[in-house]
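User: I have a model open here and would like to talk it through. Can we start with a detail and work outwards?

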2 protein chains.
Amino acid sequence: MILSDLGEVKLIKKIREWVDFKDKKIILPIGDDVAAFKVDSQKYLILTTDSFVEGTHFDLSYTSFFQVGYHSLAASLSDIASSGGLPLYAFVSLGLFPSLEVKSIEEIYRGMLSLCEKFKLKIIGGDTTFSEKLFLSLAIVGEVEPKCLRKRSEAENGDLVLVTGELGKAAAGLSILQNPSIKGLIRNREELIKAHLEPFPRIHEGRTASQMGAKAMEDISDGLASELIHIARESKVGIEIEENKIPLAPGVSEVAIGCGKKPLDLAFYGGEDYELVFTSSPKKALEIKKEIEEREGTRVSIIGRVVEREGVFLLSEEGKRTPLHYGYDHFKKLSW
Amino acid sequence: MILSDLGEVKLIKKIREWVDFKDKKIILPIGDDVAAFKVDSQKYLILTTDSFVEGTHFDLSYTSFFQVGYHSLAASLSDIASSGGLPLYAFVSLGLFPSLEVKSIEEIYRGMLSLCEKFKLKIIGGDTTFSEKLFLSLAIVGEVEPKCLRKRSEAENGDLVLVTGELGKAAAGLSILQNPSIKGLIRNREELIKAHLEPFPRIHEGRTASQMGAKAMEDISDGLASELIHIARESKVGIEIEENKIPLAPGVSEVAIGCGKKPLDLAFYGGEDYELVFTSSPKKALEIKKEIEEREGTRVSIIGRVVEREGVFLLSEEGKRTPLHYGYDHFKKLSW
């Protein structure tokens, strides 16, 4: 069988079987966004690795080198945010080609360093190697208190489902960049493009949510639908999302219509919105929402609830239930 | 200026300037084979990242997928060995293409897992992404006691220079694979090929040396010459190597002559011998050599000494001094 027949989700399941290690120091093994392991009784160390490849993750025809560095690090930091932890150190492994301008490599670093400053993160290692296509592989080490470490598997029946920020904006921004013919009147045009090229990771929001008692938490970098399915499966629950509660960003509808897509699909299946989705008891949900909105100025929306019945469904205002499915697969054709 | 004009060594120097961070918890920042940072008073955590790209680091026409996994992890573990530490956890970021057989991906993991077993290392995280060329980016977390952490900068005038194993074998093995026309009588042919495809990292030897008082230590994955130059520069000393003390592996001379190269050049500039070079006071040098040879069965050779006068030189039996220079540069043409 070849990889495109298997797909990414089943590949990761297979990898988990192949490397089935048991160790009492390993708190969170392969599968979640980060791995966590114990170094002393106060803190867990968390680590996430991600690769960003020219042509797959970024297109140099409309992305500056600064943005390549910035976006790659933002995506990695979003994994740290989703664990409830704080980033400490970054390791940058670069694949470079000989005709690349040294100035461009410096710009990649400048992009990363501008985010490092915001989160007191330090780049302390890495390596460089030859590659025909530019790539960055980032490893981020962070830390989290045991009680704050969030996992996919902790959603409980009766929880509310919350999401930070506004959705669909990165997918809409990408659509504008890829289809310059969508001209017309698009509200928020520059903001949408910026949301794709320079997303801001929700480290502070993730910390606040985890410290105040959020349960399952994930970033929605692969689209909201995939992450809800992950949470539901790992927590052995179902999730119902209310269609009219999804906080679509201004302009997303116009872009979707301009491209012949459904507006909500950009939120559910578009990906690269580095927002957080999490569950919490109804009482705490309101407190967390208020605290994040007041402290960080980031909108938080209650979009649905955790139910006993398995599956992840979208409820229309008329009460119609539509199942949500996986969105993007790196190794298959796009399914939306 | 483009990268091929600058070269790898100067690029890394520039990166060190760009990310010039000061932090008292960072023990060993960018530049050495590993980065080290403090997590508690007993131990430092060490971390190394490396990428391995199809066409640059491995050639699938003569390398099995098992060997791709094995070799990549061995190379990363060699960086841990050179620090004097022990590996704990591995994170595997894979760039894969959709037509790849799932069985081949499993073989890559089997190759890594066979080394994991030998060193009690656990793969606990990673990710997969689309790439036209296969690549692996590995991050290895390890630990080391503060007194055992070895750096490049600790060689002292009067030290002896020691090297583990026999040299030139990986470069000779690669030459055989790349030039099947070198037929003739080559001693040790299969061993040389295996040294290239399935090198064994010197974790135990590195531990013994560091525990017994070795000073500067490095692995010689980029060739012995580059590493001696790094040690001399960072320690602000000179190094003299005696030509007739270099432990060339059996068969290396025949391969070199068959390819029109000088035998010693395969040791100095060939690279991918995952052996360790280290310095030590003369008294301890003999004890370390004896202990490693007895405990691990790995040959250790005293090949030269650290001197006050700057520069790295090869001394012939007749007393002729030849300066050694950098070997392989990923971004320039090979210089030998």
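User: In the hairpin of S12(A) and S13(A), which residue takes a positive phi?
Analyst: Gly319(A) does, with a phi near 90°. The hairpin has 5 residues between its two strands. Keep in mind that this is a predicted model.

User: How do S12(A) and S13(A) pair, parallel or antiparallel?
Analyst: Antiparallel, over 3 bridges. Leu315(A) stands opposite Arg321(A) of S13(A).

User: And which strand pairs with S12(A) in the parallel sense?
Analyst: Strand S9 of chain A, residues 238-242, over 5 bridges. Within that pairing, Val312(A) is the bridge partner of Ile239(A).

User: Which side chains of S12(A) are buried?
Analyst: Val312(A) and Leu314(A), which point to one face. Gly311(A), Phe313(A) and Leu315(A) point to the other face and are not buried. Side chains in a regular strand alternate between the two faces of the sheet.

User: What sheet do these strands belong to?
Analyst: An open sheet of 7 strands with mixed pairing, in the order S8-S10-S7-S11-S9-S12-S13 of chain A. Strand S8 (217-219) and strand S13 (321-323) of chain A are the edge strands, each pairing on one side only. From one strand to the next the twist averages 30°.

User: How many bridges join S7 to S10 in chain A?
Analyst: There are 4, between residues 160-164 of S7(A) and residues 276-280 of S10(A), and the two strands run antiparallel. Leu160(A) has Ser280(A) as its bridge partner there.

User: Which helices lie on that sheet?
Analyst: Helix H3 of chain A (residues 65-83) is one of them: it lies across S8 and S10 of chain A and runs at about 170° to S8(A). Helix H11 of chain A (residues 282-296) also packs on the sheet, where it touches S7, S10 and strand S11 (300-307) of chain A. The direction of H11(A) makes about 10° with that of S7(A).

User: New topic, the core. Which residues touch the most other members of the largest one?
Analyst: Leu228(A) and Leu228(B), in a nonpolar core of 216 residues. Leaving out residues up to four places away in sequence, Leu228(A) touches Ile239(A), Ile241(A), Val277(A), Val312(A) and Leu324(A). Val312(A) is the residue that came up above as the partner of Ile239(A). As a general matter, nonpolar side chains tend to be buried together in soluble globular proteins.

User: What about Leu266(A), buried or exposed?
Analyst: Buried, because it has 29 C-beta neighbours inside 10 Å and the cut-off is 20 or more. Leu266(A) lies in helix H10 of chain A, residues 263-269.

User: What is Leu266(A) in contact with?
Analyst: Beyond its neighbours within four places in sequence, Leu266(A) contacts Gly168(A), Ala171(A), Ala172(A), Val252(A), Ala256(A) and Lys261(A). Ala170(A) is 96 residues from Leu266(A) in sequence, with 8.5 Å between their C-alpha atoms.

User: And chain A as a whole?
Analyst: Chain A has 11 helices and 13 strands. Its radius of gyration is 19 Å, which agrees with the value near 20 Å for a compact globule of 336 residues. Along the principal axes, the C-alpha trace of chain A spans about 60 × 55 × 50 Å. Of the residues of chain A, 56% count as buried. Taking contacts in chain A between residues at least 6 apart in sequence, 81% join residues at least 24 apart.

User: How many residues does each chain put into the contact?
Analyst: Chain A gives 57 residues and chain B gives 56 residues. The largest share of the chain A side, 9 residues, comes from S5(A). By class, that side has 33 nonpolar, 14 polar and 10 charged residues.

User: What does the sheet in chain B look like?
Analyst: In chain B, 7 strands form an open sheet with mixed pairing, in the order S8-S10-S7-S11-S9-S12-S13. Strands S8 (217-219) and S13 (321-323) of chain B are at the edges with a single partner strand each, so one side of each has no neighbour in the sheet.

User: How do S9 and S12 of chain B run, parallel or antiparallel?
Analyst: Parallel, joined by 5 bridges between residues 238-242 and residues 311-315 of chain B. In that pairing Phe313(B) is the bridge partner of Glu240(B).

Definitions and conventions: Residues numbered from 1 in each chain as written. Chains lettered and ligands numbered in written order. Predicted model: local features only at pLDDT ≥ 70, side-chain atom pairs only at ≥ 80, totals over all residues. Pairing = 2+ DSSP bridges. Axes fitted to C-alpha atoms, helices over the stretch in contact; angles between N-to-C directions. Contact = placed C-beta atoms within 7 Å. Rg over C-alpha atoms; globule rule 2.2 N^0.38 Å. Buried ≥ 20, exposed ≤ 12 C-beta atoms within 10 Å, placed from the backbone. Core = buried A, V, L, I, M, F, W, Y, C linked by C-beta atoms within 7 Å. Nonpolar A, V, L, I, M, F, W, Y, C, P; charged D, E, K, R; others polar.
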